[in-house]
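Colleague: Could you take one part of this model and walk me through it slowly, as you would for someone in a first year of study? I would like a close look at the second largest pocket, and at the strands as well.

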Amino acid sequence: PRSQDPRATSLGWYGEEHCVDVEVVPPSLTWAGDMIPTWDTQQGRMQFPTVTGHVGCDLEIILRAEDTAVGNSTNGSVIISPYQVHIRQEGPASAEASLVELQTGREAAAAVHVTVPRGREGD
């Protein structure tokens, strides 16, 4: 005799149902290093402070960011988020500046190199 339960099929028994709560923990970025950005509400993005470069001098700024997000597993243990942090440039860069990624992972670092050439005095 065939079971009247719709979970009983010719392929097997689909057992008891269980409810599972899934929570996705978003990344939580913390900045460190030579420059700490702040949230610009008008532009809707992070804004780094303005830096003054001097003509004929090289300037290096180290940026550091870390994902500090944590969550809890179903057994109550703490899980460190798996997000990989990258510091990248958005939009076009000036000819005098470059960004070099030094480290990626849960912690990231990048160096911004700025050289102000002669003839740019007062810009």
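Modeller: Two strands are said to pair if DSSP finds at least two bridges between them, and with that in mind we can begin with the strands of this model, which is predicted. Strand β3, residues 29-33, is joined by five bridges to strand β6, residues 58-67, and the two run antiparallel; within this pairing, Thr30 has Glu66 of β6 as its bridge partner. Strand β6 is also joined to strand β10, residues 107-115, by nine bridges, again in an antiparallel arrangement, and here Ala65 is matched with Ala108 of β10. As a general point, the side chains of a regular strand alternate between the two faces of the sheet.

Turning now to the second largest pocket, about 200 Å³ of space lies in it, and 14 residues line it, with Glu23, Val25, Gly71, Asn72 and Ile79 lying nearest its centre. Strands β7 (70-72) and β8 (78-80) each supply at least two residues of this lining, and the largest share, three residues, comes from β7. Sorted by class, the lining of the second largest pocket has seven nonpolar residues, five polar ones and two charged ones.

Finally, a word on cysteines: a search of the whole structure finds zero disulfides. Cys19 is exposed, with a relative accessible area of 84%, whereas Cys57 is partly exposed, with a relative accessible area of 41%.

Note on methods. Residues are numbered from 1 along each chain as its sequence is written. This is a predicted model: local features need pLDDT of at least 70, side-chain atom pairs count only at pLDDT 80 or more; totals for chains, interfaces and linings use all residues. Side-chain values use heavy atoms; hydrogens and water are left out. A disulfide is a pair of cysteine sulfur atoms within 2.5 Å. Buried means under 20% relative accessible area, exposed over 50%, partly exposed in between (1.4 Å probe, protein chains only). Helices (H or I, at least four residues) and strands (E, at least two) are DSSP runs, numbered from the N terminus. On a 1 Å grid over the protein atoms alone, a cavity is a set of points where a 1.4 Å probe fits but cannot get out, and a pocket is an open set with protein on both sides within 12 Å along at least five of seven lines; lining residues have an atom within 4 Å of a point. Grid points are joined across faces, edges and corners, and a volume is the space filled by probe spheres set on the points. Ala, Val, Leu, Ile, Met, Phe, Trp, Tyr, Cys and Pro count as nonpolar, Asp, Glu, Lys and Arg as charged, and the others, Gly among them, as polar.
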